[in-house]
Amino acid sequence: DTLLAEYVRPVNGGHSTSVDYQGFLAQRSQLKDYLKELEQISQSDFDTWTDNKKLAFLINAYNAWTVELILTK
C-alpha cells in the first residue's frame, strides 16, 4: 500500500493511472520484499480464502510482478 500510494496516481478523472517507475526503482528493495511475501502464500492457504480475497491477491500479485518486470527490462 505504501508504494502504491506514493508512486501510482489517478489521471483522467480516475479512469486510469500514472506510475512513477523511477520512484519504484528507488524503492525496489521494498518491492522485492513484497514479492517475497507473496511467494510465501501456500496453495492450501490460498484455497481457504473467499473468491474476492483470491481475486484481490491475484490482481495485486500481477501488478507487483509487472512493475518488477518493467524495472528489470
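Here are some figure legends for close-ups of this predicted model.

**Figure 1. The whole chain, from the N terminus on.** The chain holds 5 helices and 2 strands. Read from the N terminus, the elements go α-β-β-α-α-α-α, with the strands β1 at residues 8-11 and β2 at 16-19. The C-alpha trace covers about 35 × 30 × 20 Å along its principal axes. Take the contacts between residues at least 6 apart in sequence, and 47% of them join residues at least 24 apart.

**Figure 2. Surface and charge.** About 5500 Å² of the chain is accessible surface, and carbon and sulfur atoms own 53% of that. As for burial, 22% of the 73 residues make the cut. Counting charged side chains gives 7 positive and 10 negative, and the centres of the two sets sit 5 Å apart.

**Figure 3. A look into the largest pocket.** This pocket has about 450 Å³ of space in it. Its lining is made of 18 residues, and those closest to the centre are L4, F24, Y34, N60 and A64. Who supplies the lining? At least two residues each come from α1 (2-7), β2 (16-19), α2 (21-26), α3 (28-39) and α5 (51-72). Of these, α5 chips in the most, with 6 residues. If you're wondering how such a space gets picked out, rolling a probe the size of a water molecule over the atoms shows where empty space is left.

**Figure 4. E68, a charged side chain under cover.** E68 belongs to helix α5. Is E68 buried or exposed? With a relative accessible area of 8%, E68 counts as buried, because that value falls under the 20% cut-off. Setting aside neighbours within four places in sequence, the contacts of E68 are R28, L31, K32 and L35. Those four partners carry numbers that fall within α3 (28-39), so this view is a good place to look at E68 of α5 beside them.

**Figure 5. N12 in the loop between the two strands.** N12 sits in the loop that links β1 (8-11) and β2. What stands out about its backbone? Phi of N12 is near 55°, which is positive even though the residue isn't glycine. For background, most residues other than glycine have a negative phi. N12 is also exposed, because its relative accessibility of 58% is over the 50% cut-off.

**Figure 6. E39 and A61, across from one another.** E39 is part of helix α3. With a relative accessible area of 51%, E39 counts as exposed, since exposed means over 50%. How far apart are the C-alpha atoms of E39 and A61? They are separated by 9.3 Å, with the two positions 22 residues apart along the chain.

Key:
Residues numbered from 1 in each chain as written. Predicted model: local features only at pLDDT ≥ 70, side-chain atom pairs only at ≥ 80, totals over all residues. Heavy atoms only, no water. Buried < 20%, exposed > 50% of the residue type's maximum accessible area, 1.4 Å probe, protein only. Contact = heavy atoms within 4.5 Å. Areas by Shrake-Rupley, 256 points an atom, 1.4 Å probe, with all protein chains shown as cover. Lys, Arg positive; Asp, Glu negative; His and termini not counted. Charge placed at Lys NZ, Arg CZ, Asp CG, Glu CD. 1 Å grid on protein atoms, 1.4 Å probe; cavity = no way out; pocket = protein on both sides within 12 Å on 5 of 7 lines; lining within 4 Å. Points joined across faces, edges and corners; volume = space filled by probe spheres on them.
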